[in-house]
Amino acid sequence: MTRDDGERWFEEDPGPLVRPFAVTRGRAGAHLQDLDIITLVVAVRPAADAATLDREYGEILRMCQRRPLSVAEIAANLDLLVAAVKVLISDLIDSGHLIFRSPPPPADGRPDLKLLQAVLDGVRKL
Amino acid sequence: MAFANSDGPATGELAGLRAVKLLIAGGFGVGKTTMVGAVSEIAPLRTEERLSDIGASVDDLTGVEGKTTTTVALDFGRITINPQVVLYLFGTPGQDRFWFMWKELSVGALGAVVLADTRRLEDCFGSVDFFESRGIPFVVGVNCFDGADVYDEDEVRAALDIGDHVPVRLCDVRDRDSAKLVLVSLLEHAMRVALTTGGHAGA
Ligand SMILES: Nc1nc2c(ncn2[C@@H]2O[C@H](COP(=O)(O)OP(=O)(O)OP(=O)(O)O)[C@@H](O)[C@H]2O)c(=O)[nH]1
Ligand SMILES: [Mg+2]
C-alpha cells in the first residue's frame, strides 16, 4: 500500500451524513459503549483489506494503518458526526480489523500523579 | 482499560499508549480555537457532536435519519507528550445550552482552561461554576484583546468570585509561549490539587 492510497480519503466526497446510519442500521456493536471521543484505535489488518469493505469502513482502515488515531480525529477526517463514527469503528472492532484502547475510568476520581507529571513535563518542553 | 482482539501486529504499540484530555472553555469568540491552534502539533480539527446522540444508547442511534437535531462544533488539537502519552485539547462554547456536551467531555479530563475576555467577563461565569461544582481543576486565562481595559489578576479573581488557589493568568492565546504558560499553570495547579486530595501513583 502506498502513501497515496492512504491519503486518498481526504479528497473523496464523504457522502451524506445519514449514510453511516443506513450502513450500520440494526447492528449493535459490542464495544460501542466502550468508545470515548479519545479512544485510540489502530488497524490490525492490512490496508489492502479496505478494498473488501464499504467505503467509510475502508477509509477508516486505511487511515489507522500507520499509527493509532482517536475517534475524534477519525470523525474530523471523515467529516462525520462522532456518534456515527463510533458505530463504524465498533463494527470494525467486531470484525477484527481494528483494536482499541479507551481511557480507563477515573480511579475513584483520584488523579494519576505520574500521568499528570508526565503531561506537565511534556507541555513545559513545547 | 478495554481491549478487543488482543493479538495482532499493533497490539503492543497500543497497549502502552494513553490518551488524556484538557478542555478549553469560554464564551463565543474568546479565543478557544486560537488557543488550541497555538499549542497543537496539528492544525485544529473540527468535529461535530449531535445533541440527541449524547449518552444515547444503540437503540436511540437507529432510525434517526428523519429527526431534526442540533449539532455542536468541537475544535480540538493534539500534543504528543511522549511515546506513551498523547494529549488532546478540546475547545467548545461555554454557553449553558452546551453543558450536555461538557458533561461527557469532562469525564476523566485532567483539567480545564476557562478563557475570559474582560469586556464580557460574565460570559465565563457558567464555565467557572461548571468546573468548580464538578471538582475539575481549572485556571482562568484572561485573553488580552487589543483595546480592552487591562485588569490585574486579582481584580479578575475578585470579579469572578473564585478562590485564591485558582490561578488567573493574563495571556495572548495567539502566542504559542503565552498559551503554553497557561497550560503549564493549569497542570501545576492540577498537581497541587491531586496532592492535597490524595492522588494515586498510577500504573
Ligand atoms: N487581539 C486579539 N485577538 C485575538 C486573541 N485571541 C483570539 N483573537 C481573535 O479573536 C477571534 C476569535 O478567536 P477564536 O479562537 O475563533 O475564538 P473562539 O472562542 O474559538 O470562538 P467560537 O468558537 O466562535 O466561540 C479570532 O479572529 C482571533 O484571531 C487575542 O489574544 N488578542
Ligand atoms: Mg472556536
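A residue counts as buried when its relative accessible area is under 20%. Keep that cut-off in mind for this tour of a predicted model.

**Stop 1: chain B as a whole**

Select chain B. Of its 203 residues, 51% are buried. Colour by secondary structure and you will find seven helices and seven strands. Trace the chain along its sequence: the order is α-β-α-β-α-β-β-α-β-α-β-α-β-α. Now show contacts. Among those in chain B with a separation of 6 or more, 73% join residues 24 or more positions apart.

**Stop 2: two helices in chain B**

Stay in chain B and select H2(B), residues 32-39, together with H7(B), residues 176-197. Their axes lie 9 Å apart, at an angle of about 100°. An angle from 65 to 115 degrees counts as roughly perpendicular, and H2(B) and H7(B) are therefore roughly perpendicular to each other.

Which residues meet here, between H2(B) and H7(B)? Show side chains. H2(B) brings Met35(B), Ala38(B) and Val39(B). H7(B) brings Arg176(B), Ala179(B), Lys180(B), Val182(B) and Leu183(B). By type, the contact has six nonpolar residues, two charged ones and no polar ones.

**Stop 3: aromatic rings**

Next, look at the rings. Over all chains, the whole structure holds five aromatic pairs. Pick Phe131(B) and Phe138(B): their ring centres are 6.5 Å apart and their planes meet at 35°, so this pair is tilted. Are Phe131(B) and Phe138(B) buried or exposed? Both are buried. Now add Trp102(B) and Phe130(B) to the selection. Ring pairs link these two with Phe131(B) and Phe138(B) into a cluster.

**Stop 4: a strand in chain A**

Move to chain A and select S1(A), residues 40-43. In a regular strand, side chains alternate between the two faces of the sheet. Look at one side of S1(A) for Leu40(A) and Val42(A), and at the other for Val41(A) and Ala43(A). All four are buried, and both faces of the strand are covered.

What does S1(A) pair with? Add S2(A), residues 69-70, to the view. Two bridges join S2(A) to S1(A), and the two strands run antiparallel. Find Leu40(A) again: its bridge partner in S2(A) is Ser70(A).

Then add S3(A), residues 98-101. S3(A) also runs antiparallel to S1(A), joined by four bridges. Here, Val41(A) has Phe100(A) as its bridge partner.

Methods:
Residues numbered from 1 in each chain as written. Chains lettered and ligands numbered in written order. Predicted model: local features only at pLDDT ≥ 70, side-chain atom pairs only at ≥ 80, totals over all residues. Heavy atoms only, no water. Axes fitted to C-alpha atoms, helices over the stretch in contact; angles between N-to-C directions. Parallel < 35°, antiparallel > 145°, perpendicular 65-115°, else oblique. Contact = heavy atoms within 4.5 Å. Nonpolar A, V, L, I, M, F, W, Y, C, P; charged D, E, K, R; others polar. Phe/Tyr/Trp six-rings, centres within 6.5 Å; stacked < 30°, edge-to-face > 60°. Buried < 20%, exposed > 50% of the residue type's maximum accessible area, 1.4 Å probe, protein only. Pairing = 2+ DSSP bridges.
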